[in-house]
Amino acid sequence: MALALPPSSSFPATWAAAVRAGAVAPALRAAVWACLAMSAMLVAEAAWMGLASLAAAAAGRLLRSPHRGYRWEPMPAAADDPEAPELFPMVLVQIPMYNEKEVYKLSIGAACALTWPPDRIIIQVLDDSTDPFIKELVELECQEWASKKINIKYEVRNNRKGYKAGALRKGMEHTYAQQCDFVAIFDADFQPESDFLLKTMPYLLHNPKIALVQTRWEFVNYNVCLMTRIQKMSLDYHFKVEQESGSFMHAFFGFNGTAGVWRISAINESGGWKDRTTVEDMDLAVRASLKGWQFLYVGDIRVKSELPSTFQAYRHQQHRWTCGAANLFRKMAWEIITNKEVSIWKKHHLLYSFFFVRRAIAPILTFLFYCIVIPLSAMVPEVTIPVWGLVYIPTAITIMNAIRNPRSVHLMPFWILFENVMAMHRMRAALSGLLETSRANDWVVTEKVGDQVNDELDVPLLEPVKPTECTERIYIHELLLALYLLICASYDFILGNHKYYIYIYLQAAAFIVMGFGFVGTRTPCT
């Protein structure tokens, strides 16, 4: 029904007339109940994963073994003994990199220091760098290690087709690589301890059904700023709950792309590395699982790595991860449904839990409900959100996260506000992947700072930047959302009766802080 309002009508009067006319409430009410249904799915999934991860921990204590019921025997103590090498399989260590000037020495040095018979290990540096100077530096580093009798290969391509997946696939085509039985993969900022292979390889050697052993990430720069601390909270939850529960209940989880060891025969049987999405690691893991292979997550083994410390780098990373996963769901859903090699239980886990709830529902719901629907409902008195959906469910999710991050409980309010802002980018990325838009295959390598972590990035929790010096640090979408939230909160404060304005004002402040780039660490303008 058209509304005939005088030109001088104020916004509150115009909005009140629209609400009275019934143009808003029905649609908003439908959105509320859709969000509540998705919230119920999300909290149920979180509770299930939390219980499974706690059961895994309890089982380990009950069995009085850190090996989770899998056979594990130590490698022969004398790895350098001339008689021992035949007990050690050939292992390829792949280090893909792209213009990694800040960290290339760290990863190459750590890989070359791995304890394994020298004639049973090959270090393969896959350099896709486009900067000639950086390529020369990496090649010189490889030559230096080669002069120390380390079996290290420096490989380059004449194009970057397929990005990381293309580099890994090309690396496996070399004759020497085809002589290897297992491959350990480390991104350029990862630094495994020298006993990494001695701890992980026994699982693969004594359990022939295991295709992948995934270890946990440890962060060398988590205390650089508030943003990195929040990232650590989210990733710790991912490893402690998502990976642990998947490993315990289904012998399946998404490969993290690094800090893991694969059985090469499983990679080949599953079709090798594919570059159809930006999550080549998850793609391979799903295909291997559909072939009946099992995965094992070992959280006791940790590998040092680096978190993105600038807001822009973190946004790029999250877009790649979220969009790629949603796009893979689109591409593999039917293949999972029609697969005849795995049980209905595993299909349900893959389709519903792993993909639908965690990769589609979660990013869309978080932004839609907490940043759009709740603020808008503050301006529509006819729409009331039940207390169980407004308070109990988000509180339950927050508590489940806090339980697994007890040392970061004091940061939970910041984590909630930050994650709600990031949900805007994750929702856009998820929709881009599901709809396969032109941005679905955007690939931006995450910027790293390497050794600068310990000296040049000594900054407070919130490092102020100077947005006037660089327009790249002003994020328009965040500021527009902040304006919307401020309008909703002010309306509720002055005219409304829902009393949501305290939360909405806080969320608006978070959007403003991040919209003006007052988060993360300072970097030069590009």
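1. Five residues, Trp-33, Val-387, Trp-388, Val-391 and Tyr-392, form a nonpolar patch on the surface, and together they have about 510 Å² of accessible area. The model in which this patch appears is a predicted one.

2. Helix α12, spanning residues 387–403, gives the most to the nonpolar patch, with four residues. Val-391 is located in helix α12. The relative accessible area of Val-391 is 37%, so this residue is classed as partly exposed, a term that covers values between 20% and 50%.

3. Turning to the sheet, seven strands make up an open arrangement with mixed pairing, in the order β3-β2-β1-β4-β6-β5-β7. The edges are occupied by β3 and by β7 (294–305); each has a single partner strand, so one side of each is left without a neighbour in the sheet. From one strand to the next, the twist averages 20°.

4. At the β3 edge, strand β2 (residues 121–127) pairs with strand β3 (residues 152–156) in the parallel sense, over five bridges. Within this pairing, Lys-153 in β3 stands opposite Gln-124. The connection from β2 to β3 passes through helix α4 (residues 132–146), and this β-α-β crossover is right-handed.

5. The β7 edge concerns another parallel pairing: strand β5 (residues 210–219) and β7 are joined over nine bridges. Here Gln-214 has Tyr-297, in β7, as its bridge partner.

Note on methods. Residues are numbered from 1 along each chain as its sequence is written. This is a predicted model: local features need pLDDT of at least 70, side-chain atom pairs count only at pLDDT 80 or more; totals for chains, interfaces and linings use all residues. Side-chain values use heavy atoms; hydrogens and water are left out. Patches are made of residues with over 30% relative accessible area and no salt bridge: like charges are joined within 9 Å, nonpolar side chains (Val, Leu, Ile, Met, Phe, Trp, Tyr) within 5 Å. Accessible areas come from the Shrake-Rupley method with a 1.4 Å probe; for residues, only the protein chains shown count as cover. A salt bridge is a side-chain nitrogen of Lys or Arg within 4 Å of a carboxyl oxygen of Asp or Glu. Helices (H or I, at least four residues) and strands (E, at least two) are DSSP runs, numbered from the N terminus. Buried means under 20% relative accessible area, exposed over 50%, partly exposed in between (1.4 Å probe, protein chains only). Two strands pair if DSSP finds at least two bridges between them. A crossover is right-handed if, with the strands pointing away from the viewer, the path from the first strand over the helix to the second runs clockwise. Axes are lines fitted to C-alpha atoms, for helices over the stretch in contact, and angles run from 0 to 180 degrees between N-to-C directions.
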